[in-house]
Amino acid sequence: MSRGLPRFVLRRLLYSAVVLWLVSTLVFVFLHVSPVPVERVIGGPRATAETLAQIRANLGLDRPVLVQYWRFVARLLRGDLGDSYISGTPVSALIAERLSTTLWLVFGAGVLWFAGGVGLGVLSAARARTLWDRASTAFVLAGLSTPPFVLALALLYVFATNLHLFEAGPPMQENFLRRMILPWTALAFLMLASYTRLTRGAMLDVLGEDYVRTARAKGLPERRVVLRHGLRPALAPVVTQAGVDLGALVGSTIVTEKVFGLQGVGQLVHQSIATGDTPVIIGVTLTVTLFVIGANLLVDIGYSVLDPRVRHG
């Protein structure tokens, strides 16, 4: 392992800690500038002034702002995200109950779009300006032009309602794949098209380099030239984008989960926004931020392995 790698990772960890602190501070500000006061959400529209004052005192909202901020940060450091205003259940428990479904959804879609996008992109670049390349371009345009909710509804109608090949609803152990394959496809389709285009562009740039032409001039098989000399450097921007997208996708699965009846984090956020359950919204926001930061950290490390020059940037 290079000596520069541990220092690079430590620097990125410090950056990640700063980002997480900034997001938590913004979340605290959001809590205090909410158009609907916290005590009104808990007490309801008919609560008396005495009841509202008592709720504020119980939550510590009658304390100075700096004191509230310190208590807020101290709770976060202990992993305490507070309690739901609606059910009184700890927010961490609500998120933990739903998180596995969302993670399975994102993981399965990620595997589909990364493997499919890289594979199609490599083939398109290796056979540039052929019929295969034109068909791939048409697929990319179709993928980028189709709204995700339209594709999700179409898949549900054709394969679940009419053909009964797959099922909709919360995944169960005995029919997990039958319930998840359609959500995975719906979530991955747009990204698969984007990654096909991204990989094709990166591969064409690499295949035009002098060392690739030299490898071809030496008589190396085209497959070896493409996979050994072209794919690794071309993967650097693709891996970077994949890590960012996977992290961000944890918090953007609302439509897919809603259409297919998956009880994940997206559904939890949708319900919490409808009921004004601020602690749950804030808890999910911080959880998603943590996943995004973690994904970016892994991307930085992976990129530094693929291209050691970034460690000195």
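A residue counts as buried when its relative accessible area is under 20%, as exposed when that value is over 50%, and as partly exposed in between. By that rule, 38% of the 313 residues of the protein chain are buried. The model is a predicted one.

Start with the overall build. The protein chain has 13 helices and zero strands. Read from the N terminus, its elements run α-α-α-α-α-α-α-α-α-α-α-α-α. The C-alpha trace spans about 85 × 60 × 35 Å along its principal axes. One pair of residues gives a feel for distances inside that span. Leu 144 and Gly 82 are 62 residues apart in sequence, and their C-alpha atoms are 40 Å apart in space. Leu 144 sits in helix α6. Its relative accessible area is 33%, so Leu 144 is partly exposed.

Next, the interior. In soluble globular proteins, nonpolar side chains tend to be buried together. Here the largest nonpolar core has 48 residues. Which of its members touch the most others? They are Trp 113, Met 203, Phe 260 and Val 284. Several helices build this core. At least two residues each come from α5 (91-126), α7 (148-162), α8 (176-207), α9 (210-217), α10 (222-249), α12 (265-275) and α13 (278-306). The top contributor is α8, with 13 residues. Another core lies apart from this one. It has twelve residues, including Val 27, Leu 31, Phe 72 and Val 73.

Nonpolar side chains also appear on the outside. Leu 10, Leu 13, Leu 14 and Tyr 15 form a nonpolar patch on the surface. Together they offer about 420 Å² of accessible area. Tyr 15 belongs to helix α1, which covers residues 4-32. With a relative accessible area of 48%, Tyr 15 is partly exposed. The cut-off for exposed is over 50%, so a value of 48% falls in the partly exposed class.

Now the charged side chains. The count of salt bridges comes to three. Take Arg 200 and Asp 133. Their side chains meet in a salt bridge, with 2.7 Å from N to O. Arg 200 lies in helix α8 and Asp 133 in helix α6, so this pair ties together parts that are 67 residues apart in sequence. How accessible are the two partners? Arg 200 is partly exposed, at 24% relative accessibility. Asp 133 is buried, at 5%.

Arg 213 and Asp 210 form another salt bridge, at 2.2 Å from N to O. This pair is local. Both residues lie in helix α9, and because they are three residues apart, about one helical turn separates them. Arg 213 is partly exposed, with 44% relative accessibility. Asp 210, at 51%, counts as exposed.

Arg 216 pairs with Glu 222. The closest N and O atoms of this salt bridge are 2.7 Å apart. Arg 216 is partly exposed, with a relative accessible area of 33%. Glu 222 is partly exposed too, at 37%.

Arg 98 tells another story. This residue is in helix α5. Arg 98 is buried yet has no salt bridge. Where is the nearest side chain of opposite charge? It belongs to Glu 97, 5.1 Å away. A salt bridge needs a side-chain nitrogen within 4 Å of a carboxyl oxygen, so the 5.1 Å to Glu 97 does not qualify. The side chain of Arg 98 does have a polar neighbour in the backbone. The backbone oxygen of Gly 264 lies 3.3 Å from one of its polar atoms.

One last arginine stands out for its backbone. Most residues other than glycine have a negative phi. What is the phi of Arg 129? It is positive, at about 65°, although Arg 129 is not a glycine. Arg 129 is placed in the loop between α5 and α6 (131-145). Its relative accessibility is 67%, so Arg 129 counts as exposed.

Conventions: Residues numbered from 1 in each chain as written. Predicted model: local features only at pLDDT ≥ 70, side-chain atom pairs only at ≥ 80, totals over all residues. Heavy atoms only, no water. Patch = residues over 30% accessible without salt bridge, like charges linked within 9 Å, V, L, I, M, F, W, Y side chains within 5 Å. Areas by Shrake-Rupley, 256 points an atom, 1.4 Å probe, with all protein chains shown as cover. Helix = DSSP H or I, 4+ residues; strand = E, 2+ residues; numbered from the N terminus. Buried < 20%, exposed > 50% of the residue type's maximum accessible area, 1.4 Å probe, protein only. Core = buried A, V, L, I, M, F, W, Y, C linked by side-chain atoms within 4.5 Å. Lys, Arg positive; Asp, Glu negative; His and termini not counted. Polar contact = N/O pair within 3.5 Å; in protein donor to acceptor, adjacent residues only side chain to side chain.
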